[in-house]
Amino acid sequence: MNVREAESGRLLAALTSLLSERGLISDDELAARMAITESASPKQGARIVARAWTDPGFRERLLADGTAAVEEAGVFMRGLPPLGVLENTSEVHNVVVCTLCSCYPRAVLGYPPFWFKSPGYRARTVRDPRGVLAEWGTAIPEDVRIRVVDSTADYRWMVLPMRPAGTEGWSAEALADLVRDSDMIGVTQPKASL
Ligand code: FE
């Protein structure tokens, strides 16, 4: 552990003991909250995407109110910034970035991938989204609009990708295996054969 980590550890311990002393959060609640964050992962997000692809009612609820829909799917969102879900269609392709830092729907998707936090991704996605997508091997037709959306401390976004062609009749489990974190950020698109 380096000096900075040790200092962060001391600050964190001081903060949590103060919160618990003042009755703002119990040790049990804190442990539960940490367990939820640790259990979040791209796989959890992929299950939500696959459910939206196979359950039209859930898809509608997810797009209308992401926070409520993922809570319905078992994600604990209390006290967190709301989640918005952006649907990719044949007319618009969404890409999520946090231009300021690394805001990310961690309760749903787990920790962001390293490149999401990089200054290059944050700056270039805004200036030249098509160029960034091309580097990922993602070609979006010229007549499809690209919408870049900023995740912030107040509102977190994820993308509902288009269901890949050739997956008719697939189970939700099999569909979930196709979905990666980069698909839910919008720099890639899931394909039936990876
Ligand atoms: Fe941020």
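This briefing walks through a predicted protein model and its iron site. In this predicted model, local features need pLDDT of at least 70 and side-chain atom pairs count only at pLDDT 80 or more, while totals for chains, interfaces and linings use all residues. Residues are numbered from 1 along each chain as its sequence is written, and side-chain values use heavy atoms, with hydrogens and water left out.

**The iron site**
- Five atoms to look for around the iron ion are Cys-98 (SG), Cys-101 (SG), Ser-102 (N), Cys-103 (N) and Cys-103 (SG), which coordinate the ion at 2.1 to 2.8 Å.
- Donors here are N, O and S atoms within 2.8 Å of the metal (3.2 Å for Na, K and Ca); water is not among the atoms, so sites may look incomplete.
- Along the chain, the donors of the iron ion follow the spacing C-x2-C-S-C.
- Cys-98 counts as buried because its relative accessibility is 1%, whereas Cys-101 counts as partly exposed at 35%.
- Buried means under 20% relative accessible area, exposed over 50%, and partly exposed in between (1.4 Å probe, protein chains only).

**The overall fold**
- You can find 10 helices and 4 strands in the protein.
- These are DSSP runs numbered from the N terminus: helices are H or I with at least four residues, strands are E with at least two.
- Starting at the N terminus, the elements run α-α-α-α-α-β-β-α-α-α-β-β-α-α.
- The C-alpha trace spans about 55 × 35 × 30 Å along its principal axes.

**Burial**
- Of the protein's 194 residues, 38% count as buried.
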